[in-house]
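This briefing introduces a protein model to a reader at the start of their studies. Please examine the sequence and the structure before reading the points that follow.

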Amino acid sequence: MSDKIMMELAKMQTNIRNLERDNKAYSKKLLERDEIIRGIDEKYKDKIQKLKDEIAFKDRMLETLRPIPKIKKGKNVK
């Protein structure tokens with residue numbers, strides 16, 4: 001192989017190594033970001049569930065406090 005081809009091959013190999021290194025770094029950053037997002041997601045899921053439970057409790061309390069409508073008895077027609 002000529003020197004020109006060998007130099008071109010070396011440049012390509014260097015370029016590939018740099019791309020692989022960048023890809024590995026970006027993958028690591030994405031995994032770290034995903035981990036942060038999972039933590040935040042769990043935190044807010046718990047808060048949302050607590051709010052849903054509070055709303056359901058308050059709805060049940062309101063149902064018990066509402067007066068039961070009285071049934072009016074009409075005159076018996078014979």
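Is aspartate 34 buried, partly exposed or exposed? Aspartate 34 is partly exposed, because its relative accessible area is 29% and the partly exposed class lies between the 20% limit for buried residues and the 50% limit for exposed ones. The model is a predicted one. The protein has one helix and zero strands. Its radius of gyration is 35 Å, well over the 12 Å that the globule rule gives for 78 residues, so the protein is more spread out than a compact globule.

**Overall form**

- The C-alpha trace of the protein spans about 120 × 30 × 10 Å along its principal axes.
- Helix H1 covers residues 3–65.
- Arginine 17 has its place in helix H1, and its C-alpha atom is separated by 21 Å from that of aspartate 3, which is 14 residues apart from it along the chain.
- Alanine 25 also belongs to helix H1; between alanine 25 and lysine 73 there are 80 Å in space, C-alpha to C-alpha, and the two are 48 residues apart in sequence.

**Surface and exposure**

- Of the 78 residues of the protein, 0% count as buried.
- The accessible surface of the protein amounts to about 8500 Å², and 61% of this belongs to carbon and sulfur atoms.
- Arginine 17 counts as partly exposed because its relative accessibility is 49%, a value under the 50% above which a residue is called exposed.
- Alanine 25, at 38% relative accessibility, likewise counts as partly exposed.

**A nonpolar patch**

- Ile36, Ile40, Tyr44 and Ile48 make a nonpolar surface patch of about 390 Å².
- Tyrosine 44, one of the residues of this patch, lies in helix H1.
- The relative accessible area of tyrosine 44 is 43%, so this residue is partly exposed.

**Charges and salt bridges**

- The protein carries 22 positive and 14 negative charges, and the mean positions of the two groups are 13 Å apart.
- Side chains of opposite charge can pair when their charged atoms come close.
- The count of salt bridges comes to four, and three of the pairs are described below, including that of arginine 21 and aspartate 22.
- Arginine 21 and aspartate 22 form a salt bridge in which the closest N and O atoms are 3.8 Å apart; this pair qualifies because the cut-off is 4 Å.
- Arginine 21 is exposed, because its relative accessible area of 53% is over the 50% limit.
- Its partner aspartate 22 is partly exposed, with a relative accessible area of 33%.
- Arginine 33 and aspartate 34 meet through their side chains in a salt bridge, at 3.6 Å from N to O.
- Arginine 33 counts as partly exposed, at 46% relative accessibility, and aspartate 34 is also partly exposed, at 29%.
- The side chains of lysine 45 and aspartate 41 meet in a salt bridge as well, with an N to O distance of 3.5 Å.
- Where do lysine 45 and aspartate 41 lie? Both lie in helix H1, and they are four residues apart, which is about one turn of the helix.
- Lysine 45 is partly exposed, with a relative accessible area of 45%, and aspartate 41 counts as partly exposed at 36% relative accessibility.

Definitions and conventions: Residues are numbered from 1 along each chain as its sequence is written. This is a predicted model: local features need pLDDT of at least 70, side-chain atom pairs count only at pLDDT 80 or more; totals for chains, interfaces and linings use all residues. Side-chain values use heavy atoms; hydrogens and water are left out. Patches are made of residues with over 30% relative accessible area and no salt bridge: like charges are joined within 9 Å, nonpolar side chains (Val, Leu, Ile, Met, Phe, Trp, Tyr) within 5 Å. Accessible areas come from the Shrake-Rupley method with a 1.4 Å probe; for residues, only the protein chains shown count as cover. Helices (H or I, at least four residues) and strands (E, at least two) are DSSP runs, numbered from the N terminus. Buried means under 20% relative accessible area, exposed over 50%, partly exposed in between (1.4 Å probe, protein chains only). The radius of gyration is taken over C-alpha atoms; the globule rule is 2.2 Å times the number of residues to the power 0.38. Lys and Arg count as positive and Asp and Glu as negative; His and the chain ends are not counted. The place of a charge is taken as NZ of Lys, CZ of Arg, CG of Asp or CD of Glu.
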